[in-house]
Amino acid sequence: MHLHRYEKIWLMLGAGGLALFIVLLCVNAFAMGMAPPSNMEMIDPEKVTETPPFDKPGLKQVGDNEYDAYMTAFAFGFSPTKMEIPVGATVNFHVTSPDVIHGFQIPETNINFMVLPGHISSATHTFDKPGEYLILCNEYCGAGHQVMATTIIVK
Ligand code: CUA
C-alpha cells in the first residue's frame with residue numbers, strides 16, 4: 001500500500017517534470033523566434049545584384065576616416081575587385097553572396113567569416129599599417145575557389 005502510493009508520487013513528479021521540460025522548450029523556441037540574432041540581415045539571394053547597396057558594391061565614407069565596404073562574394077571573385085583606403089581607416093565590411101557559401105578572410109587581421117547566400121555578414125577592422133591586404137575565400141566553393149581573391153590597398 002505504501003509502496004504503491006510512493007510510486008504514484010514519483011510517476012506524477014516524472015510527468016510534471018516532462019511537462020515542464022516541454023513548456024520550457026516551447027518558451028525557448030518562441031523567445032528565439034522573437035529575437036533573431038541582430039547581426040543577421042537578409043536579402044533575396046537571387047536579387048543580390050539588383051538590391052542596393054549591393055547593386056553597386058564599393059566604399060562609402062561614413063566618418064572622418066571610416067568607411068562602409070559593401071561587397072559581394074561570388075563564384076569566383078569579389079566585387080569590387082580593388083579598393084583603396086587611407087592609413088588608419090576603419091572599415092565596416094558588409095558582404096553577401098548571390099550563389100553559394102564563400103569565406104571572407106583578410107590574413108593578419110581579425111577578419112574571418114562565412115558568407116551565406118542572401119545573408120549580410122558584417123565585421124569591422126581598422127587598418128593601422130600601410131600595405132596591400134589580401135582578401136580571400138577560405139570556404140571551398142567550386143572549381144575556381146583557389147583563384148577567388150581580391151586586394152585592399154592601405155596607403
Ligand atoms: Cu568562394 Cu571559395
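So, the largest pocket: its volume comes out at about 180 Å³. Keep in mind as I go that this is a predicted model. Fourteen residues, or 14 if you're taking notes, line that pocket, and the closest to its centre are P107, E108, T109, K129 and Y133. Which element gives the largest share of the lining? That's β10, with four residues. If you want to find the place on screen, look at β9, residues 119–127, and β10, residues 131–136; each of these strands supplies at least two lining residues. As for chemistry, the lining is a mix: six nonpolar residues, four polar and four charged.

Okay, zooming out to the whole chain. We've got one helix and eleven strands. The helix sits at the N-terminal end of the order, and from there on the elements are β after β. The chain has 155 residues, and 34% of them count as buried. On the outside, about 9900 Å² is exposed, with carbon and sulfur atoms supplying 62% of that. Now the contacts: take pairs at least 6 apart in sequence, and 56% of those contacts join residues at least 24 apart.

On to the inside. In soluble globular proteins, nonpolar side chains tend to be buried together. Here, the largest nonpolar core has 24 residues, and the ones with the most contacts inside it are M71, F93, F104 and F127. Who contributes to this core? The elements giving two or more residues are β3 (66–74), β5 (82–85), β6 (89–96), β8 (112–115), β10 and β11 (149–154). You'll remember β10 from the pocket, where it gave four residues to the lining. There's also a second, separate core of five residues, and I43, F54, Y70 and I120 are among them.

Let me stay with F93 for a moment. What does F93 touch, once you leave out residues up to four places away in sequence? The list is A69, M71, M83, F104, I106, I111, S121, S122, A123, F127 and I152. Notice that M71, F104 and F127 turn up there, and those were on the list of residues with the most contacts inside the core.

Last stop, E46. You'll find E46 in the loop between β1 (41–42) and β2 (58–63). Buried or exposed, then? E46 counts as exposed because its relative accessible area is 70%, and the cut-off is over 50%. Along the sequence, E46 and P98 are 52 residues apart, yet in space their C-alpha atoms are 6.0 Å apart. That's my tour, thanks.

Note on methods: Residues are numbered from 1 along each chain as its sequence is written. This is a predicted model: local features need pLDDT of at least 70, side-chain atom pairs count only at pLDDT 80 or more; totals for chains, interfaces and linings use all residues. Side-chain values use heavy atoms; hydrogens and water are left out. On a 1 Å grid over the protein atoms alone, a cavity is a set of points where a 1.4 Å probe fits but cannot get out, and a pocket is an open set with protein on both sides within 12 Å along at least five of seven lines; lining residues have an atom within 4 Å of a point. Grid points are joined across faces, edges and corners, and a volume is the space filled by probe spheres set on the points. Ala, Val, Leu, Ile, Met, Phe, Trp, Tyr, Cys and Pro count as nonpolar, Asp, Glu, Lys and Arg as charged, and the others, Gly among them, as polar. Buried means under 20% relative accessible area, exposed over 50%, partly exposed in between (1.4 Å probe, protein chains only). Contact means heavy atoms within 4.5 Å. Accessible areas come from the Shrake-Rupley method with a 1.4 Å probe; for residues, only the protein chains shown count as cover. A nonpolar core is a set of buried Ala, Val, Leu, Ile, Met, Phe, Trp, Tyr and Cys residues joined through side-chain atoms within 4.5 Å.
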